[in-house]
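Grab your viewer and a coffee. Below are a few exercises to work through with the model open, each with a solution you can check yourself against.

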Amino acid sequence: MSASGEVPLDAQGSPKDATPGMHGHGKSDSRVVPKKPPNKAGSAAAEAVEGRRLAKRNSQEGDQHRTQSREAELTAALLRVREAARRNKEERFTALYHHITDIDRLRQAYWETSKSAAAGPDGVTWEQYGRDLERNLQDLAGRLGRGAYHPQPVRRVYIPKADGKRRPLGVPALEDKIVQRATVEVLNAIYEQDFVGFSYGFRPGRGQHGALDAVAVALDSKKVNWVLDADIRGFFDNLAQRWMMKFLEHRIADQRVLRLIQKWLRAGVMEDGKLTVSEVGTVQGGSISPLLANIYLHYVFDLWLNSRRKKMAGDVIVVRYADDFVIGVQYRGVAVRLLQELRERYAKFGLELHPEKTRLIEFGRFADRTRRERGEGKPETFNFLGFTHICGKTRKGWFAVKRLTMRKKVTAKLAALKEELRQRQHQPVREQGGYLRSVVEGHYRYYGVPGNREALRSFRTAVAKLWWRTLKRRSQRPLKWTRMLNFIQRWLPDPRICHPYPDQRLRVTT
């Protein structure tokens with residue numbers, strides 16, 4: 001890597017293979033610990049990410065001070081790793097494995113694992129594992145230390161998508177979840193210093209609404225006339241494991257960590273009693289998969305686009321959330337060339353832009369005027385993270401990006417809700433109402449952005465009608481709408497906006 005933090009590229013713009021034998025960081029724990037991590041560094045606010053807080057739990061230790069002291073030591077150790085990664089972008093870390101196998105870190109990873117998550121192929125639940133937690137963790141740490149740990153194949157499950165298709169997910173064994181979560185915490189200390197500001201997916205302190213706000217503010221403040229709305233086709237299924245390991249070697253020189261990750265990549269998938277092992281792809285569902293995806297796209301997309309962006313004419317904005325991204329450019333010729341180069345870039349690493357979900361559209365503050373001058377209709381819209389983005393205007397007539405709930409998201413959610421109400425048809429009204437309240441409030445918490453109140457109101461009305469039909473089927477006596485209104489008023493909260501305007505949130509973050 002260069003001192004600027006970018007990966008060395010070959011003549012074709014691809015990352016060069018890491019050269020073994022470079023100096024490492026085997027004595028990172030001996031470095032001086034800063035009294036306080038830099039909360040407000042001089043870099044862009046998008047790069048500043050707070051560390052993940054520990055999960056709240058009832059301590060099983062008798063000595064609270066000893067437990068707190070040990071957790072402080074774990075945090076301080078990773079702070080030293082983080083500081084070393086921040087100072088030297090060429091550093092390759094040779095001694096990370098002991099951070100992962102530390103029994104206190106494994107215990108912390110267990111408590112942060114979801115209690116209600118589905119059991120993996122071994123059938124062991126969170127509660128069952130915790131009945132003899134200390135002995136289980138001691139055994140796990142011992143197997144990790146002597147190289148006897150072997151991950152199990154993940155159990156394949158499917159979840160419905162908004163377009164009617166099914167998304168395959170993998171459910172790892174509980175011990176694999178614990179080790180993966182501990183590994184992610186250690187590797188995040190390094191890679192959070194490398195990841196670029198426009199990457200928002202599956203990162204500590206970042207989320208979907210941060211990405212949505214970044215898109216809205218960038219489109220509003222920059223001279224963007226064309227938007228490239230793109231999605232990678234089957235990213236997790238086509239990720240090249242060979243390239244994945246090469247990218248990891250740019251920063252990780254600890255062969256035990258690399259072998260551990262390779263074990264997860266090659267563990268395989270168990271479906272209907274049949275084991276499938278592939279040298280391509282990584283299974284969605286494990287704690288390690290999102291981080292690996294970000295590392296892969298960091299080298300394939302982020303660093304490459306950053307270097308290309310410096311040579312492009314006009315304004316260019318980029319926001320990426322996992323494998324879904326939006327690029328805005330000022331000139332159409334630049335956008336067309338970039339799209340072609342991007343297809344070639346992805347093909348080199350075994351990836352392909354989705355032909356149906358990748359579009360170049362005219363969008364921005366001047367799109368409405370220029371299209372009317374050409375005798376064309378309104379500007380096209382694009383979808384990103386569940387919202388349809390529209391060229392709108394403020395009350396004073398200024399350009400503003402309007403975000404509405406995607407129609408197919410609402411349709412899919414109502415279809416699933418209809419089936420769930422059918423299963424709950426004979427429950428008491430109080431239980432049905434409590435369930436529907438949680439559904440509606442969860443919808444508001446995600447889609448409650450400024451300018452989307454009417455869509456929220458429409459969703460509430462649709463939920464109320466579904467509930468009314470369900471209740472009417474329970475008896476031959478028709479339920480009058482006047483009585484139903486009382487149920488709606490009591491159990492279905494009114495629409496509310498849960499998020500500030502995009503520029504306000506980014507201003508606070510900055």
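What follows is a set of exercises on a predicted model, each with a worked solution.

**Exercise 1. Work out the strand order of the open four-stranded sheet, and find its edge strands.**

Step 1: Start with S1, which covers residues 154-160; six bridges join S1 to S2, and the two run antiparallel. For a concrete contact, take Tyr158, whose bridge partner in S2 is Pro168.

Step 2: Now look at how S1 pairs with S4 (residues 269-271). Here the pairing is parallel, over two bridges. Val154 is the residue to click on, as it stands opposite Val269 in S4.

Step 3: Put the pieces together. The order reads S2-S1-S4-S5, and the pairing is mixed. The edges are S2 (166-171) and S5 (274-276), each of which pairs on one side only. Neighbouring strands in this sheet are turned against each other by 40 degrees on average, ignoring direction.

A reminder on what holds such an arrangement together: strands of a sheet pair through backbone hydrogen bonds, either parallel or antiparallel.

**Exercise 2. Find how many cavities of 30 Å³ or more there are, and describe the lining of the largest cavity.**

Step 1: Count first. There is one cavity of 30 Å³ or more, and the volume of the largest cavity is about 50 Å³.

Step 2: List who is around it. The lining includes Thr113, Ser114, Ala117, Ala118, Ala119 and Gly120. Also in the lining are Val124, Thr125, Trp126, Leu174 and Lys177.

Step 3: Sort the lining by class. You should end up with six nonpolar residues, four polar ones and one charged one. If your polar tally comes out short, check where you put glycine: Gly counts as polar in this scheme.

**Exercise 3. Take the salt bridge between Asp302 and Arg320, and decide whether its partners are buried or exposed.**

Step 1: Check the geometry. The N to O distance between the two side chains is 2.8 Å, and the cut-off for a salt bridge is 4 Å. The pair is part of a total of 27 salt bridges counted by this rule.

Step 2: Place the partners. Asp302 sits in helix H11 (residues 288-309) and Arg320 in strand S6 (residues 316-321), so the pair, 18 residues apart, links distant parts of the chain.

Step 3: Check accessibility. Both Asp302 and Arg320 are buried.

**Exercise 4. Classify the partners in the Glu376–Arg371 salt bridge, and find which residues share a network with them.**

Step 1: The closest N and O atoms of Glu376 and Arg371 are 3.5 Å apart.

Step 2: Arg371 is buried because its relative accessibility is 12%, with the cut-off at under 20%. Glu376 has a relative accessible area of 37%, so Glu376 is partly exposed.

Step 3: Follow the shared partners. Salt bridges connect Glu362, Arg371, Arg374 and Glu376 into one network.

Step 4: For practice, try another pair. Arg424 and Glu420 form a salt bridge at 2.7 Å, N to O, and Glu420 is partly exposed because its relative accessibility is 28%.

**Exercise 5. Locate Phe487, decide whether Phe487 is buried or exposed, and give its C-alpha distance to Arg430.**

Step 1: Phe487 lies in helix H17, residues 481-491.

Step 2: Its relative accessibility is 16%, so Phe487 counts as buried.

Step 3: Compare sequence with space. Phe487 and Arg430 are 57 residues apart along the chain, with their C-alpha atoms 9.2 Å apart.

Terms used
Residues are numbered from 1 along each chain as its sequence is written. This is a predicted model: local features need pLDDT of at least 70, side-chain atom pairs count only at pLDDT 80 or more; totals for chains, interfaces and linings use all residues. Side-chain values use heavy atoms; hydrogens and water are left out. On a 1 Å grid over the protein atoms alone, a cavity is a set of points where a 1.4 Å probe fits but cannot get out, and a pocket is an open set with protein on both sides within 12 Å along at least five of seven lines; lining residues have an atom within 4 Å of a point. Grid points are joined across faces, edges and corners, and a volume is the space filled by probe spheres set on the points. Two strands pair if DSSP finds at least two bridges between them. Axes are lines fitted to C-alpha atoms, for helices over the stretch in contact, and angles run from 0 to 180 degrees between N-to-C directions. Buried means under 20% relative accessible area, exposed over 50%, partly exposed in between (1.4 Å probe, protein chains only).
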